[in-house]
Amino acid sequence: YTLTNNITSSGDGIVVERNNIIIDGRGYTIQGTRVYQSKGIDLSYRTNVTITNTKIINFFYGIYLYYSSNNTISGNSVTVYKSAANEDGIHIYYSSNNDITENNIAQNNMYGIHLYYSSNNDIVGNNIAENNYHGIRLDYSSNNTISRNNVTNNYFGLWLCDSSNNVVIENTFFNNGLMVW
């Protein structure tokens, strides 16, 4: 599936209802209206979906993975302006074996990328910047790889909470750092 124009939504932007597909945003924008619990792209219960080259702004969750596996989220931009109240740029709950690579996540997310009870995910080469509370946060998550990310000007760069056996290597932290709880 390829976007051919921008999308504006007062609820969820795109709800993916099939496995084994590719959504190429071709640089187009999916824009929300800051509705509580809204999702820019919802991948709940999805397998083998690729989301690429999409701009997502003004949703409560930018990209939402819930009980999802073997998905690729790559080359997207998730941005919330300073007046917005956003939860997560990329929200990964109870999900495994996903690749989150080379995305730009910026401005005032509670969490840039948040993993909760999720394992065996690769978080690689992302830029997470400007006033996210946590750049990357892992809660009760194990066996994930966090590498080559640029995490800049967030309150906490990387927060590991009750998480084990994760690999954290070759990340750049500027004006924030690592918290292990």
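Two residues are in contact when heavy atoms of theirs lie within 4.5 Å. Keep that in mind as we walk through this predicted model, beginning with one asparagine and its surroundings.

Asn132 is found in the loop that runs between strand S16 (127-129) and strand S17. Leaving aside residues up to four places away in sequence, Asn132 touches Ile105, Ala106, Gln107, Asn108, Asn109, Met110, Gly112, Asn154 and Tyr155. Take Ala106 from that list: 26 residues separate Asn132 from Ala106 along the sequence, yet their C-alpha atoms are 7.1 Å apart in space. Is Asn132 buried or exposed? Buried means under 20% relative accessible area, and Asn132 has 1%, so it counts as buried.

From this loop we can step to the strands. Strand S14 covers residues 109-116, and six of its eight residues are buried. S14 runs parallel to strand S17 (residues 134-139), and five bridges join the two. One place to look is Tyr111, whose bridge partner in S17 is His134.

Now let us turn to the aromatic rings. How many aromatic pairs does the structure hold? There are 20 aromatic pairs. One of them joins Tyr36 and Phe60: the ring centres are 4.9 Å apart and the planes meet at 65 degrees, so this pair is edge-to-face. Tyr36 sits in the loop between strands S4 (29-31) and S5 (39-42), while Phe60 belongs to the loop between strands S7 (55-57) and S8 (61-66), so the pair ties together parts that are 24 residues apart in sequence. The two partners differ in their surroundings: Tyr36 is exposed because its relative accessibility is 63%, whereas Phe60, at 10%, is buried.

Another pair, Trp159 with Trp181, is stacked, with 5.9 Å from centre to centre and 20 degrees between the planes. Trp159 lies in strand S20 (residues 156-161) and Trp181 in the segment after strand S23 (178-180), so this pair links distant parts of the chain, 22 residues apart. Here too a buried residue meets an exposed one: Trp159 has 11% relative accessibility and counts as buried, while Trp181, at 61%, counts as exposed.

Finally, return to Tyr36 and Phe60. Both belong to a cluster linked by ring pairs, whose other members are Tyr45, Tyr61, Tyr64, Tyr66, Tyr67, Tyr93, Tyr94, Tyr116, Tyr117 and Tyr140. One cluster member, Tyr64, has a charged companion: the charged end of Lys39 sits over the ring of Tyr64, 4.8 Å from the ring centre.

Methods:
Residues are numbered from 1 along each chain as its sequence is written. This is a predicted model: local features need pLDDT of at least 70, side-chain atom pairs count only at pLDDT 80 or more; totals for chains, interfaces and linings use all residues. Side-chain values use heavy atoms; hydrogens and water are left out. Buried means under 20% relative accessible area, exposed over 50%, partly exposed in between (1.4 Å probe, protein chains only). Helices (H or I, at least four residues) and strands (E, at least two) are DSSP runs, numbered from the N terminus. Two strands pair if DSSP finds at least two bridges between them. Rings of Phe, Tyr and Trp (its six-membered ring) pair if their centres lie within 6.5 Å; planes under 30 degrees apart count as stacked, over 60 as edge-to-face and the rest as tilted. A charge sits over a ring if NZ of Lys or CZ of Arg is within 6 Å of the ring centre and within 35 degrees of the ring normal.
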